[in-house]
Amino acid sequence: MLIRARLAAAGAAVAVVAAGLALRAVAGGGVAKYGGDALYTVLVLALVVMAAPRLAAPRAAAAALAVSWAVEFLQLTAVPAELSRRSTVARLVLGSTFNAPDLLWYAVGAAAGGLVLWALRARRSRPTARPLPVL
């Protein structure tokens, strides 16, 4: 079961990256930026589930939000900007400039991702209906 959960989370991570790239391709401005912020946290949530598949959905979402906020607050220092100048990967992961509205959109992503995770787990744990025996 844990391997299946990790594989599902890895698949979700790939799907979220694809969704982020598609969003950037078709949208611009605030939609792409803030939608990307929400998707960033959903991606972090998928990574949290890969690392700790037994973690309850609310805790996994809270962990993803904490990581996203930590990265955003790190941008108040010069470290991410310097690393972003040297590496495209660092720029994609860490960003470079603090933007307070990002904090809200990370919360939106954590809430949405957490709800989806909770719903998927609830659906999976529901007992399946069995046909009644024929008398």
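In this predicted model, D37 touches D102, W105 and Y106, not counting residues up to four places away in sequence. D37 lies in helix α2. Its relative accessible area is 8%, so D37 counts as buried. One of its partners, Y106, belongs to helix α6 (residues 101-125). Y106 is buried as well, with a relative accessible area of 5%. D102 is also listed among the buried residues of α6.

Y106 has a further partner in α2. Y40 and Y106 form an aromatic pair. The ring centres are 5.8 Å apart, and the planes meet at 45 degrees. This geometry counts as tilted, because the tilted class covers plane angles that are neither under 30 degrees nor over 60. The pair links distant parts of the chain. Y40 sits in helix α2 (residues 29-51), and 66 residues separate Y40 from Y106 in sequence. The relative accessible area of Y40 is 18%, so this residue counts as buried; the cut-off is under 20%. In total, the structure holds three aromatic pairs.

Y40 also takes part in the nonpolar packing. The largest nonpolar core has 15 residues. Within this core, Y40, V44, L45, V49, A60 and L117 touch the most other members. Helices α2, α3 (57-74) and α6 each give two or more residues to the core. A60 illustrates the packing. Leaving aside residues up to four places away in sequence, A60 touches L45, V48, V49, L55 and L117. Of these partners, L45, V49 and L117 are named with A60 among the core residues that touch the most other members.

Helix α6 was examined along its length. It has 25 residues. From its first C-alpha to its last, α6 reaches 36 Å, close to the 36 Å expected at 1.5 Å a residue. Its buried residues are D102, L103, Y106, G109, A110, G113, G114, L117 and R121. The cover over these residues includes α2 and α3. The list of buried residues includes Y106, from the tilted pair. It also includes L117, from the nonpolar core.

A110 adds detail to the packing of α6. This residue lies in helix α6. At 4% relative accessibility, A110 counts as buried. A110 touches T41, A61 and L65, with residues up to four places away in sequence not counted. A110 and S68 are 42 residues apart in sequence. In space, their C-alpha atoms are 9.2 Å apart.

L74 provides another view of helix α3, where this residue is placed. Its relative accessibility is 34%, so L74 counts as partly exposed. L74 touches P80 and L94, again not counting residues up to four places away in sequence. L74 and L21 are 53 residues apart in sequence and 24 Å apart in space, C-alpha to C-alpha.

Helix α1 (residues 2-26) has 25 residues. It reaches 36 Å from its first C-alpha to its last, close to the 36 Å expected at 1.5 Å a residue. In α1, the residues A5, A9, A13, V16, G20 and L23 are buried. What covers these residues includes α2. Helix α2 thus appears in the cover of α1 and in the cover of α6.

At the level of the whole chain, the secondary structure comes to six helices and zero strands. Along the sequence, the pattern reads α-α-α-α-α-α. The radius of gyration is 18 Å, well over the 14 Å that the globule rule gives for 135 residues, so the chain is more spread out than a compact globule. Taken along the principal axes, the C-alpha atoms fill a box of roughly 75 × 30 × 25 Å.

Burial and contacts were then computed over the chain. Of the 135 residues, 30% count as buried. The accessible surface comes to about 8800 Å². Carbon and sulfur atoms account for 72% of this surface. Among contacts with a separation of 6 or more, 64% come from residues 24 or more positions apart. The Y40 and Y106 pair, at 66 residues apart, links distant parts of the chain.

Notes:
Residues numbered from 1 in each chain as written. Predicted model: local features only at pLDDT ≥ 70, side-chain atom pairs only at ≥ 80, totals over all residues. Heavy atoms only, no water. Phe/Tyr/Trp six-rings, centres within 6.5 Å; stacked < 30°, edge-to-face > 60°. Helix = DSSP H or I, 4+ residues; strand = E, 2+ residues; numbered from the N terminus. Buried < 20%, exposed > 50% of the residue type's maximum accessible area, 1.4 Å probe, protein only. Core = buried A, V, L, I, M, F, W, Y, C linked by side-chain atoms within 4.5 Å. Contact = heavy atoms within 4.5 Å. Expected span 1.5 Å × (residues − 1). Rg over C-alpha atoms; globule rule 2.2 N^0.38 Å. Areas by Shrake-Rupley, 256 points an atom, 1.4 Å probe, with all protein chains shown as cover.
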